[in-house]
Amino acid sequence: MTSLHQSSSTDTAIVEQAIQWHMQLHDAAADEFAAVQSAFETWLASNTAHATAYQRVQSMWQQFNVETIAGAKPLIESNLAATEFLKKKKSARKAAKSIAAMLVVGLSAALVYHTQQIKPTWVAQYQTPIGQQKTIDLPDHSKLVINTDTVVNIRYSAHQREIVLEHGELFIQVAKDTGRPLVVSTADGTAQALGTQFSVYRKNEQRTKTQVAVLESQVKACNLQRWYQLNSAHCVVISAGESIEITPQNVSPKQSVDVSQMNAWVSGKLLFDNAPLISVIQQLQRYSPIPITLIPQVAQLRVSGVFPADNVNRSLELLANRLPIQVTQEAQGIVVHPRKLTRKQ
């Protein structure tokens, strides 16, 4: 009879193998992918536990937002251990049902993922430095625009078009393909195109969240479905002129927004309508590698107008011409403070 310690060691070894395979498939060059995929399929088919472990690893990878085996291994193992603890807390009958359900769901999801996701027909990565934007014509004739300081990974397969937004902001005009839905994924959740034009912005604040705004037609937005949750993710369908925010725990209520104003950056502009100066400076900071410090006394001055996103110095100059502020270049960067009054002689 297999001891609990032996079983735990075996599970850990399989998890480590699954992590290794995930990294190899993720990092394989185009000329190596076929060989790596073939070896992976052999490993996957050799033991049903392999499929379950791989599905768990793949599901948690984006949740933990880690890029190395060393970083992922302890997180994944600790979560597997926590799940085992929760199972033991249930009654024997409920535990048996839960475990059986998890194995069925896990194996099914692994097989679906194996069939649909790991055989990409086109893979690419794009990124922009601070202050720059990029327009990409995708092979399905969709048009993707990525904003300042953005990284996206793209995987097209025979069954799905996936754009993974690591961080930053994108706008996409989606070409119709009924056989291959287009999904934008972040560490918070997903946005599936039900129409043609929408934007996704992963905000790096105290608690990261993803904002989705629809310019045309509809988008289905869902929060991240964690690997250990048997219930379905929370999803909301949003229409043109609406926006939501996604966290791993939930999807916010829909809000009506001026999507044209929000997405003015696509044409190189920033639009503000009676916005506090602090919000304007926060937006300009996204386009500047130089720190911009705002003195609190002028933080609530109101701003309306159109400003160039690709020329922060010019935008600050325009603000200084319209508001009682002055902009100076100092050792710590750019400082925006109240304009000094000059005495009349």
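## The second largest pocket

Strand S5 (161-173), strand S8 (197-203), strand S9 (209-216), strand S12 (242-246), helix H6 (259-262), strand S14 (269-276), helix H7 (277-285) and strand S15 (292-294) each contribute at least two residues to the lining of the second largest pocket. Please keep in mind while reading that this is a predicted model. Among those elements, S14 gives the largest share of the lining, seven residues.

The volume of this second largest pocket is about 1200 Å³. Its lining is made up of 47 residues, and Tyr201, Lys203, Gln211, Gln283 and Arg286 are the closest to the centre. Sorted by character, the lining holds 21 nonpolar, 16 polar and ten charged residues.

## Helix H8 and its cover

Let us turn to helix H8, which spans residues 312-322. Its buried residues are Val312, Ser315, Leu316, Leu318, Leu319 and Ala320. In an α-helix there are 3.6 residues a turn, so residues three or four places apart point the same way. The cover over the buried residues of H8 includes H7, S15, strand S16 (302-308), S17 and strand S18 (333-338).

One residue to look at here is Val327, found in strand S17 (residues 325-330). Setting aside residues up to four places away in sequence, Val327 touches Leu316, Ala320, Ile334, Val335 and Val336. Two of these partners, Leu316 and Ala320, belong to the buried residues of H8. Val327 itself counts as partly exposed, because its relative accessibility is 32%. Its C-alpha atom is separated by 9.5 Å from that of Leu294, and the two residues are 33 apart along the chain.

## The disulfide

How many disulfides does a search of the whole structure find? The search finds one. It joins Cys222 to Cys235, with an S to S distance of 2.0 Å. The link connects distant parts of the chain: Cys222 sits in strand S10 (residues 218-223) and Cys235 in strand S11 (residues 235-239), 13 residues apart. The link of Cys222 and Cys235 is right-handed, with 110 degrees about the S-S bond.

Are the two cysteines buried or partly exposed? Cys222 counts as buried, because its relative accessibility is 10%. Cys235, with a relative accessible area of 31%, is partly exposed.

## Aromatic rings in H1 and H2

There are four aromatic pairs in the model. One of them brings together Trp21 and Trp43, a tilted pair at 6.2 Å centre to centre with 35 degrees between the planes. This pair also links distant parts of the chain, since Trp21 is in helix H1 (residues 4-27) and Trp43 is in helix H2 (residues 33-45), 22 residues apart.

Both tryptophans count as buried: Trp21 at 14% relative accessibility, and Trp43 with a relative accessible area of 10%. Ring pairs also take in Phe40, so that Trp21, Phe40 and Trp43 are linked into a cluster.

## The loop at Pro129

Our last stop is a loop. Pro129 lies between strand S1 (120-128) and strand S2 (134-137). It counts as partly exposed, because its relative accessibility is 42%.

What is Pro129 in contact with, leaving aside its neighbours within four places in sequence? The contacts are with Thr148 and Asp149. Val151 is 22 residues from Pro129 in sequence, and their C-alpha atoms are 9.1 Å apart in space.

Definitions and conventions:
Residues numbered from 1 in each chain as written. Predicted model: local features only at pLDDT ≥ 70, side-chain atom pairs only at ≥ 80, totals over all residues. Heavy atoms only, no water. Disulfide = S-S within 2.5 Å. Helix = DSSP H or I, 4+ residues; strand = E, 2+ residues; numbered from the N terminus. Buried < 20%, exposed > 50% of the residue type's maximum accessible area, 1.4 Å probe, protein only. 1 Å grid on protein atoms, 1.4 Å probe; cavity = no way out; pocket = protein on both sides within 12 Å on 5 of 7 lines; lining within 4 Å. Points joined across faces, edges and corners; volume = space filled by probe spheres on them. Nonpolar A, V, L, I, M, F, W, Y, C, P; charged D, E, K, R; others polar. Contact = heavy atoms within 4.5 Å. Phe/Tyr/Trp six-rings, centres within 6.5 Å; stacked < 30°, edge-to-face > 60°.
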